[in-house]
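Reader: I am new to this structure and would like a close look at a single part of it. Please take me through one residue and its surroundings, explaining the terms along the way.

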Amino acid sequence: QGLKSWVLSKLLWNPGLDLWELERDYLRGVFGEEAGGALEPFYRMLFEAGDPALPPPDPAALTAAGEAAFADALAMAGDDAELRRLLELEELPLAVGRINHRSMESVARGEPFDDSLLGEIDRVAGMAEEFGIGAYSESCPFGDWLARIRSREGLDVAQKLRTEGATGILELSGLWRFLPLTQVGSWEDIQPELPRMRSADFNDADWAPYLDRLGVGWEEQGYPGFDGAGMFRQRPEIPESWNYPYTYLCAMGVDEEAVLYWDGNEIGAHTEEATGKPATRLWAESFSFRVPPELAVPGPHTLAIECFDSAGMGGIYLPLFLIGSDRELSGAEIIGACGVVNPFAGYANE
């Protein structure tokens, strides 16, 4: 929060100040000319990622740039223990992201956590305690997130399925095309266009880019204050090696209600009407639907998701997966095989 507080305090005195120059002043003032300068390329990427006029960065490239920048800054810090501690604290969000990703990969492979991952979990837990970090997100305490991460160690759902040779796990691209439907027109006016928008041959090139794995909704991706209906589209590709009688599409987090279309065909609805659950509970649930065998064939496909949000965060905020199996799987097995924990699970209102 240091950078945010610095920038906001300066803007309160003079709203006309240049935002990027303020960020540069902060980096060099806190971490010194050398270490702060090493961080600048990464922070410039973050700065430009917040510009809705620019295409979003590739998540893997952004993470790699951050890790490289902090490695350079730590090398420049040398034996300066105080500066190294400041850099480690600043790098904490990247460390949390690494833990999420690596623990998910371990579960997907059916492997125990290695010593380096366990060490990083312990390091982050120690820093959270030392610096009084109480929250992972707006509704998930940091301690609960740590407990969920540690509960993945030894998680046997994916391992059991792997050893049976029965499961394929395919994480979909995190990049979508997005259209805020009820910002474009009324829900009644947009109805005639929906079948075309769901179809495989619809051209969505002029829709806005959107990333699903940031843990935030469309408000944080260029649509502040927007509540209503939106549509997401992407074109997943099933590999030639995919030869499973059961294929499931699993969504780890969509706020609030969602209807999913595969190649223009509705495959499931996670809505109040379909589930009998309130939207205040649906938004924090992971869910899955079976893709019909005649549609789950190798090659390119089209996935469209209509999302309905009445308040607060809206949209896709965690990744989606395709899970393939030689046998029918339960919902818990499907979600467990993805190896991702929804940080908001357990904090929904009934």
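Author: Two strands pair if DSSP finds at least two bridges between them, and strands (E, at least two residues) and helices (H or I, at least four) are DSSP runs numbered from the N terminus. This is a predicted model, in which local features need pLDDT of at least 70 and side-chain atom pairs count only at pLDDT 80 or more, while totals for chains, interfaces and linings use all residues. Residues are numbered from 1 along each chain as its sequence is written, and side-chain values use heavy atoms, with hydrogens and water left out.

The residue chosen here is Glu 306, which lies in strand E14, residues 303-309. Strand E14 runs antiparallel to strand E6 (residues 228-234), and 7 bridges join the two; one of the bridge partners is Phe 308 in E14, set against Ala 229. Both strands belong to an open, antiparallel sheet of 6 strands, ordered E5-E4-E6-E14-E10-E11. Strands E5 (208-211) and E11 (265-270) stand at its edges, each with a single partner strand, so one side of each is left without a neighbour in the sheet.

Glu 306 has a relative accessibility of 3% and therefore counts as buried, a word that means under 20% relative accessible area with a 1.4 Å probe, protein chains only. Arg 198 is buried as well, and it forms a salt bridge with Glu 306, the closest N and O atoms being 2.4 Å apart. Arg 198 lies in helix H11 (residues 194-198) and Glu 306 in strand E14, so the pair ties together parts 108 residues apart in sequence. A salt bridge here is a side-chain nitrogen of Lys or Arg within 4 Å of a carboxyl oxygen of Asp or Glu.

Methods
Buried means under 20% relative accessible area, exposed over 50%, partly exposed in between (1.4 Å probe, protein chains only).
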